[in-house]
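Here is a short briefing on a protein fold. Look over the sequence and the structure before reading on.

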Amino acid sequence: MSEAEFSVPTIDCEGCARSIKAALGRVEGTRAVEVDVAHKRVLVQYDADRLTSGRLRDALETAGFVVE
């Protein structure tokens, strides 16, 4: 199991958190997603044999979130 942490400055509310969890949850190989709205961070646990952190970043951006 691997972890990736992303800074997502466009997270503004719990609605954003739900959207992020839904978007990343659809990516095969994602195990867990935690969204810290206050600190604008996303922590993802994923199966590195099936998925890369780059793919997770792409999924966030496709869902409309800016990733730094």
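The notes below cover the sheet, the helices, the salt bridges and the end of the chain.

This is a predicted model. Its 3 strands form an open antiparallel sheet. Helix α2 packs on that sheet. The structure also holds 4 salt bridges, and three of them are described below with their residues.

**The sheet**

- The strand order is β1-β3-β2, and the pairing is antiparallel.
- β1 and β2 are the edge strands. Each has a single partner strand, so one side of each is left without a neighbour in the sheet.
- On average, neighbouring strands are turned by 15° against each other, with direction ignored.
- Antiparallel pairing between β1 and β3 runs over 6 bridges. Within this pairing, A4 has V44 of β3 as its bridge partner.
- Strands of a sheet pair through backbone hydrogen bonds, in a parallel or an antiparallel sense.

**The helices**

- Helix α1 lies across β2 and β3. It runs at about 165° to β2.
- Helix α2 touches β1, β2 and β3. Its direction makes about 40° with that of β1.
- Helix α2 spans residues 53–62, and its residues L56, A59 and L60 are buried. These residues cover an arc of only 100° around the axis, which puts them on the same side of α2.
- What do the buried residues of α2 pack against? Their partners are β1 (2–7), α1 (14–25), β2 (30–36) and β3 (41–46).

**Salt bridges**

- Side chains of opposite charge can pair when their charged atoms come close.
- R41 and E5 meet through their side chains in a salt bridge, at 3.5 Å from N to O. R41 sits in strand β3 and E5 in strand β1, so the pair ties together parts 36 residues apart in sequence.
- R41 counts as partly exposed, because its relative accessibility is 35%. E5 counts as exposed, at 53% relative accessibility.
- K40 bridges to D12, with the closest N and O atoms 3.6 Å apart. This pair links distant parts of the chain: K40 is in the loop between β2 and β3, D12 in the loop between β1 and α1, and they are 28 residues apart.
- K40 is partly exposed at 28% relative accessibility, whereas D12 is exposed at 60%.
- E28 and R50 form a salt bridge whose closest N and O atoms are 2.4 Å apart. E28 lies in the loop between α1 and β2, and R50 in the loop between β3 and α2, so this pair ties together parts 22 residues apart in sequence.
- E28 is exposed, with a relative accessible area of 59%. R50 counts as partly exposed, at 44% relative accessibility.

**After helix α2**

- A63 lies in the segment after α2. Is this residue buried or exposed? A63 falls in between: it is partly exposed, with a relative accessible area of 37%.
- How far apart in space are A63 and I11? Their C-alpha atoms are 12 Å apart, while 52 residues separate them in sequence.
- Just after α2, G64 takes a positive phi of about 100°.

Terms used
Residues numbered from 1 in each chain as written. Predicted model: local features only at pLDDT ≥ 70, side-chain atom pairs only at ≥ 80, totals over all residues. Heavy atoms only, no water. Buried < 20%, exposed > 50% of the residue type's maximum accessible area, 1.4 Å probe, protein only. Helix = DSSP H or I, 4+ residues; strand = E, 2+ residues; numbered from the N terminus. Arc of directions from axis to C-beta. Contact = heavy atoms within 4.5 Å. Pairing = 2+ DSSP bridges. Axes fitted to C-alpha atoms, helices over the stretch in contact; angles between N-to-C directions.
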